[in-house]
Amino acid sequence: MERTYEGEGAAALAGSAAGPLAGHLGAFVGSLIDQQFTASVVYVKAQHALAFDGWLAKRCVVLADLGDVHIDRYQHRRRRRHHRILLETRRRERNHITQLLQFLRGHGACPAARIEITAADDLAARYEQHLQGQQGLAAITIKRYRTIARRFLHERFGCGVVDLRTLCAGDMIAFMQGRAKSLQPPALKCVATAMRSFLRYAQYRGEVAIALAAAVPTVAAWTTTPAVPKAISAEHAQRAIDSCDPNTAVGLRDRAVLLLLARLGLRAHEIIALQLEDCDWDSGHLRLRGKNRREQLLPMPIDVGAAIATYLQQGRPTSMDRHLFLLSRAPIRGLRQGAIGTIVRYALQRAQVDAPHRGSHQFRHALAVRMLQGGASLREIGEVLRHKSAQSTSIYARVDIDALRSLAMPWPGGAR
């Protein structure tokens, strides 16, 4: 009864609007309901929208002039005397009004946000298009490279004209030194790789010297071989899986995700990208969109298929979104970057597991280690993990200590 009352109350609030937003608040409330916000949340958002509508009406603001500046002015409006507003309340108020403004813009009711595009932004966008059309990199890699290139261009040229012919080796060194203050060596290596990629693109355009990419400093890692993979033990992985509550929608989703990590060794972004149509129930296969836009069919283990089917039947929210796994809270949509790591972290906390680290990749490493200990070759492991290069799989040779002992030469003068 309470949910129905609040839902009807939100609709009544929208109907009582008399300002410039009067013709749109009803649709706004309807969109919130479609996104499966709870009735109480919809009611609160409708209250803020109605108050904002009244404030706009008093100041004779029309929709054609509505913009972000009005949200700033609204938040700094004069309130009742001795009526203090908590910082968290102000933050939530701004979020609600911003959501309303985005809805109005999406429906063409008010002008789009004015974004000043600088020469650096334009060049970074063209670089991104080049990566998409010519390099075939993963979307997340392209986004990272563009972000790094854009930051470099803004630091070097600001909002002015970008003249790549004025770049020199000192600019590369200064940029990398600035990043080194806040990044660890693995992340700094990614920055160096992105910078070399951007400079090769600039060379392709004929705007920089051939040797400039070589001027990007090499990041010292103080090791000649990759680190030994940190894999979660089979017992701890099973405890994490068993910690998911099968009586809740979130528990059903998290269990299916963890099984995909443990049984198939999927990467986090591969799970996020899964669509409903990627599950071929007739043949028992799972279609995967991996790195470099490659699609592969993987056999679906029985326990994985059962967990996904249970989630679809009993836990997945009703939504037009075609992603296999959805958020549990409104707005209902596909999982976002970082969600898989969060699922793993909470599962390890519930299971009281002190794992090597909290990321999802430890399940992938664990699958490789179990295969190696079971007698699988590195080539077979590489095929299961979908490695493009055999070098990526070679790191697991260092995990099998017993096999490596047989290759060790006796220490000179030691026991015989």
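Start with what covers the buried residues of helix 14: the cover includes helix 10 (234-242), helix 11 (249-264), helix 12 (268-273) and helix 15 (361-373). Keep in mind that this is a predicted model.

**Stop 1: helix 14**

Select residues 339-351. This is helix 14, with 13 residues. Its first and last C-alpha atoms are 18 Å apart, close to the 18 Å expected at 1.5 Å a residue. Now colour the buried positions: A339, I340, I343, V344, A347, L348 and A351. Step just past the end of helix 14 to Q352, where phi is positive, about 55°.

**Stop 2: V353**

Move on to V353, in the loop between helix 14 and helix 15. Is V353 buried or exposed? Its relative accessibility is 3%, so V353 counts as buried. Show the residues around it. Leaving aside residues up to four places away in sequence, V353 touches H236, R239, L348 and R358. L348 is also one of the buried residues of helix 14. Then draw a distance from V353 to I232. The two are 121 residues apart in sequence, yet their C-alpha atoms are 9.5 Å apart in space.

**Stop 3: helix 15**

Select helix 15 next. It has 13 residues and spans 19 Å from first C-alpha to last, close to the 18 Å expected at 1.5 Å a residue. How many of the 13 residues of helix 15 are buried? Ten are, so helix 15 is largely enclosed by the rest of the structure. Highlight them: Q362, F363, R364, H365, A366, L367, A368, V369, M371 and L372. These buried residues pack against helix 10, helix 11, helix 14 and helix 16 (378-385). After helix 15 comes G375, with a positive phi near 100°.

**Stop 4: the sheet**

Switch to the strands. Three of them form an open sheet in the order 1-2-3, with antiparallel pairing. Strand 1 and strand 3 stand at the edges with a single partner strand each, so one side of each has no neighbour in the sheet.

Select residues 279-280 for strand 1, which pairs with strand 2 in the antiparallel sense over two bridges. Look across from strand 1 to strand 2: C279 stands opposite L286, and D280 stands opposite H285. The hairpin of strand 1 and strand 2 has four residues between the strands. Find G284 in this hairpin, where phi is positive, near 75°.

Now show side chains on strand 2, residues 285-289. Which residues of strand 2 point to one face and are buried? They are L286 and L288. H285, R287 and R289 point to the other face and are not buried. In a regular strand, side chains alternate between the two faces of the sheet.

Continue to strand 3, residues 295-299. Strand 2 and strand 3 run antiparallel and are joined by five bridges. For one facing pair, pick L288 and Q296 in strand 3.

**Stop 5: helix 6 and helix 7**

Select helix 6 (residues 119-135) and helix 7 (residues 139-157). Their axes lie 9 Å apart, at an angle of about 155°. Angles over 145 degrees count as roughly antiparallel. Helix 6 and helix 7 are therefore roughly antiparallel to each other. The crossing is right-handed.

Show the side that meets helix 7. On helix 6, the residues are A120, D121, L123, A124, A125, Y127, E128, L131 and Q132. On helix 7, they are I142, Y145, R146, A149, R150, L153 and H154.

**Stop 6: helix 4 and helix 5**

Go to helix 4 (residues 68-75) and helix 5 (residues 87-106). Their axes come within 11 Å and cross at roughly 155°. That makes helix 4 roughly antiparallel to helix 5. Helix 4 passes helix 5 in a right-handed crossing. Select D68, I71, D72, Y74 and Q75 in helix 4. They meet R90, E93, R94, I97, T98, L101 and R105 in helix 5.

**Last stop: the whole protein**

Zoom out. The protein has 18 helices and three strands. Of its 416 residues, 39% are buried. Finally, take the contacts between residues at least 6 apart in sequence: 59% of them join residues at least 24 apart.

How values were computed:
Residues numbered from 1 in each chain as written. Predicted model: local features only at pLDDT ≥ 70, side-chain atom pairs only at ≥ 80, totals over all residues. Heavy atoms only, no water. Expected span 1.5 Å × (residues − 1). Buried < 20%, exposed > 50% of the residue type's maximum accessible area, 1.4 Å probe, protein only. Contact = heavy atoms within 4.5 Å. Pairing = 2+ DSSP bridges. Axes fitted to C-alpha atoms, helices over the stretch in contact; angles between N-to-C directions. Parallel < 35°, antiparallel > 145°, perpendicular 65-115°, else oblique. Left-handed = near helix turned anticlockwise from the far one by under 90°.
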